[in-house]
Amino acid sequence: MPDTSTAPKNRTVHWLLLLLALLLATPARALDLTDDRGVRITLDAPPQRIVSLLPSLTETVCHLGQCHRLVGVDRYSNWPEAVHRLPQVGGGLDPSIEAIVALRPDLVLAGTSMRAIARLEALGVKVVALEPRTHADVRRVLGKVGVLLGVDDAQRVWREIDAGVSAAAQSLPAQVQGTRVYFEVNRGPYGAGEASFIGETLARLGVRNILPATLGPFPKLNPEFVVRANPDLIMVGARDGAELHNRPGWGAIRALREQRVCSFAPAEAEVLVRPGPRMAEAARLMARCLADKAPRGAQRAAP
């Protein structure tokens, strides 16, 4: 006489196996995303072989725990340590198309200004172009990269940045509030205006930027503009800080006369100018500079 007591269990196992087979047979979820060019990109599955051509995007991918998906980076991507072993494919403005294609990426992450996007797309390479210039942009880009990588709650990175910037602001003495600052991005000279992510961090630290938002995020300046603005303090990379005194008229700027210049080492300067997960560290560097160099209250010159 057959044992009927095991029949229901066998049927359950049968249906579970069938369900598992159906799940395994279901194709990976397609991704649909609009990048910062306004171009809609569709991917059949989350990318597993990514080339990043912008250091801040490289850092974002790795900070989200997905460094292992990178197969190549631009020559300026140097953080974290894990990216040092990856092939370099040129710069964001002069990438090697051949080197990128040889890596067989299923996605290239790039800035919107990269000239090679059209050539890559013509060769069938998917490109997502993103341009973080403000705090809101950084938060938005984190969300988009999180969606691309299938990472839940990528916004936790922004919350960490936000909390870090607030803590840096709270660490400063009230007397440095209102210090008039010039932040030089490079010797063009290009400066970081109020509308940039650097300018927004400076504003949260309670200081005043001599470059108004009307000039744009990173304007190229007439050096005379900085002389006339006469900032209390200058933040600059060490490579450019050493020659500020040699610029015509700059010796009269109060920040230079009173040696209120923060010259950041190359590794620190990279942290400061990259709109990515290390922005809280950037705020701490700025706060340290202000605590050490900013004039206190009555010492400050009238604008």
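Q: Are Cys62 and Cys67 buried or exposed?
A: This is a predicted model, in which local features need pLDDT of at least 70, side-chain atom pairs count only at pLDDT 80 or more, and totals for chains, interfaces and linings use all residues. Residues are numbered from 1 along each chain as its sequence is written, and side-chain values use heavy atoms, leaving out hydrogens and water. Buried stands for under 20% relative accessible area, exposed for over 50% and partly exposed for the range in between (1.4 Å probe, protein chains only). By that measure, Cys62 and Cys67 are both buried.

Q: What is the handedness of the disulfide between Cys62 and Cys67?
A: A disulfide is a pair of cysteine sulfur atoms within 2.5 Å, and those of Cys62 and Cys67 are 2.0 Å apart. The torsion about their S-S bond is about 60°, so this disulfide is right-handed.

Q: How many residues apart in sequence are the parts that Cys262 and Cys289 tie together?
A: Cys262 and Cys289 are joined by a disulfide, with an S to S distance of 2.0 Å. Helices (H or I, at least four residues) and strands (E, at least two) are DSSP runs, numbered from the N terminus. Cys262 lies in strand β11 and Cys289 in helix α12, so the parts tied together are apart in sequence by 27 residues.

Q: Within what arc do the buried residues of α6 fall?
A: Helix α6 covers residues 155–170, and its buried residues include Trp158, Ile161 and Val165. The arc is taken from the directions between the helix axis and the C-beta atoms. Seen down the axis of α6, the buried residues line one face of the helix, because they fall within an arc of 140°.

Key
The expected span of a helix is 1.5 Å times one less than its number of residues.
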